[in-house]
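Q: I'm new to reading protein models, and I'd like a close look at one part of this one. Could you show me how two packed helices meet, and then walk me outwards from there?

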Amino acid sequence: MMEKNWPLWLPLRDDLQSLSPYGAPQVPASATLNTNENPYAPSPALAQAIADRIHRVSQNLNRYPDRDAVVLRGALAKFINSLSGTNLSSDQIWAANGSNEIIQSLFMAFGERPALGFTPSYSMHPLIAKVIGVKWFDGGRREDFSLDIEKAKREIVEVKPALTFITTPNNPTGTTVTLEEISLLAAAAAQVNGLLIVDEAYAEFSDIPSAVTLISKYPNLVVIRTMSKAFAFAGARLGYLIANPEVVSAMFLVRLPYHLSSLTQAAAEVALEFQGELLGTVSELITSRKYVVGELEKMGLQVIPSQANFILFTGFRQEPAQLWRQLLDRDVLIRDVGLLGYLRVTIGNEAENKKFIAALQDILNGEGQ
């Protein structure tokens with residue numbers, strides 16, 4: 001989207017006037033592999049269970065929802081405990097309309113001092129910081145997109161951020177940070193009285209243990225999760241954080257009243273009851289990720305090692321925007337993430353993956369150009 005010429009009568013903040021709204025291009029394609037969605041829709045049984053619960057809840061829509069989402073938060077705590085062997089309680093969980101609302105609320109509550117992140121990473125972190133009015137510092141990454149932990153620790157000491165963000169698996173690279181490295185960063189953040197925010201939107205696709213296992217040791221550690229990816233629940237908009245109860249209490253200070261609708265809470269509660277079915281697609285997507293990586297490497301392309309449901313690749317001769325357009329011309333939509341020489345593709349279902357591979361092979365072979 002091009003920069004908009006705002007009318008003079010509109011008192012928009014000066015620091016927002018040059019911004020463009022966040023979002024991937026929404027254009028028609030038979031293989032839509034640009035937004036890291038789970039390609040497998042909920043089963044008819046789950047869809048019916050959600051419909052039945054929604055019908056029941058709808059009879060009370062004249063009343064406000066449970067503003068504390070007590071039942072949902074308890075179910076989320078139980079889910080995390082089952083995955084990570086933790087003993088978290090519901091007062092260590094806060095749920096919101098997607099992980100982006102979680103991020104925004106963290107800036108609202110703790111943004112009096114600067115924030116620090118390490119790009120390339122999730123682009124909404126610095127964008128939300130700017131919108132909220134929090135000063136953002138970029139620590140950067142190595143050329144291979146790995147995180148230089150010693151450098152990051154020094155930057156925490158220098159910047160003294162209230163919030164330090166790391167994303168693992170990282171978007172758009174798919175790379176990870178180990179629990180040992182997270183511990184070092186959490187300790188460094190504690191020395192400057194800051195929080196370490198670990199964004200784990202793609203954690204279910206990774207074999208690295210979750211940072212939630214460190215929360216009992218590091219009270220300044222906050223983990224962000226979502227139901228949009230592994231749970232195939234992007235349309236429902238449900239994100240949550242896991243943290244010390246005092247962090248959750250601070251979230252209640254900045255939330256909007258009744259921010260999480262009765263319908264959203266009900267749908268998420270049902271989805272958690274069907275977690276076995278929903279998470280069953282994760283292993284299938286991991287297998288498909290390995291297949292796509294192998295096919296790209298056969299073409300002579302280089303792939304950044306990924307533990308997410310997407311891969312970042314390079315080694316093609318075209319400009320990323322050109323190859324992106326050539327793929328779209330073949331009915332395949334992937335993502336140009338703005339990294340010189342790289343494109344990102346989400347792992348889709350079998351038909352989508354094969355269509356992407358065939359289209360890319362066609363382009364690289366010079367056919368139809």
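**Where two helices meet**

A: Let's start with helix H10 (residues 320-329) and helix H11 (residues 350-364), which pack at an angle of about 120° with their axes 10 Å apart. Because of that angle, H10 counts as oblique to H11. Keep in mind that this is a predicted model. If you wonder about those two numbers, a pair of packed helices is described by the angle between the axes and the distance between them. There is a handedness too: the crossing of H10 and H11 is right-handed.

Now zoom in on the side chains. H10 brings Leu-323, Gln-326 and Leu-327 to the contact, while H11 brings Phe-356, Ala-359, Leu-360 and Ile-363. Sort the residues of this contact by type and you get 6 nonpolar, 1 polar and no charged.

Pick out Phe-356, since it leads us onwards. Phe-356 sits in helix H11. Is Phe-356 buried or exposed? Its relative accessibility is 1%, so Phe-356 counts as buried, the cut-off being under 20%. What surrounds it? Leaving out neighbours within four places in sequence, Phe-356 touches Leu-33, Val-292, Leu-296, Phe-313, Leu-327, Val-332, Ile-334 and Val-345. Take Val-292 from that list: along the chain, Phe-356 and Val-292 are 64 residues apart, yet from C-alpha to C-alpha they are 9.1 Å apart in space.

**Out to the sheet**

Some of those names take us to strands. There is an open sheet of 3 strands in the order S9-S10-S12, with antiparallel pairing. Its edge strands are S9 (302-303) and S12 (343-346), each of which pairs on one side only. Between S9 and strand S10 (residues 310-314) there are 2 bridges, and these two strands run antiparallel. One pairing to find on your screen is Val-303, whose bridge partner in S10 is Phe-313. You've met Phe-313 already, as one of the residues in contact with Phe-356.

A helix also lies over this sheet. Helix H9 (residues 275-298) lies across S9 and S10, and runs at about 10° to S10.

**A second set of strands**

Let's move to strand S8 (residues 239-242), which is covered on both faces: Gly-239 and Leu-241 are buried on one side, and Tyr-240 and Ile-242 are buried on the other. Which strands is S8 joined to? Strand S2 (residues 93-96) is joined to S8 by 4 bridges, and the two run antiparallel. In that pair, Trp-94 stands opposite Leu-241. Strand S7 (residues 221-226) is also joined to S8 by 4 bridges, again running antiparallel. Here Thr-226 stands opposite Gly-239.

Ser-99 ties in with this spot. Ser-99 belongs to helix H3 (residues 98-110). With a relative accessibility of 11%, Ser-99 counts as buried. Skipping neighbours within four places in sequence, Ser-99 is in contact with Ile-224, Arg-225, Thr-226 and Gly-239. So you can look for Ser-99 beside a pairing you already know, as Thr-226 and Gly-239 are the residues standing opposite each other, with the cut-off for contact being heavy atoms within 4.5 Å.

**Odd spots in the loops**

To finish, look at some backbone details in the loops. Thr-119 and Pro-120 are joined by a cis peptide bond, with omega about 5°. You'll find Pro-120 in the loop between strand S3 (115-117) and helix H4 (124-132). Another cis peptide bond joins Thr-168 and Pro-169, where omega is about -10°. Pro-169 is in the loop between strand S5 (163-167) and helix H6 (179-191).

Then there's phi. Asn-36 isn't a glycine, but it has a positive phi of about 60°. Asn-36 lies in the loop between strand S1 (31-32) and helix H1 (44-58). At 2% relative accessibility, Asn-36 counts as buried. Lys-160 isn't a glycine either, and its phi is positive too, near 55°. Look for Lys-160 in the loop between helix H5 (149-159) and S5. Lys-160 is partly exposed, with a relative accessible area of 45%.

Note on methods: Residues are numbered from 1 along each chain as its sequence is written. This is a predicted model: local features need pLDDT of at least 70, side-chain atom pairs count only at pLDDT 80 or more; totals for chains, interfaces and linings use all residues. Side-chain values use heavy atoms; hydrogens and water are left out. Axes are lines fitted to C-alpha atoms, for helices over the stretch in contact, and angles run from 0 to 180 degrees between N-to-C directions. Angles under 35 degrees count as roughly parallel, over 145 as roughly antiparallel, 65 to 115 as roughly perpendicular and the rest as oblique. A crossing is left-handed if the near helix is turned anticlockwise from the far one by less than a right angle, and right-handed if clockwise. Ala, Val, Leu, Ile, Met, Phe, Trp, Tyr, Cys and Pro count as nonpolar, Asp, Glu, Lys and Arg as charged, and the others, Gly among them, as polar. Buried means under 20% relative accessible area, exposed over 50%, partly exposed in between (1.4 Å probe, protein chains only). Two strands pair if DSSP finds at least two bridges between them.
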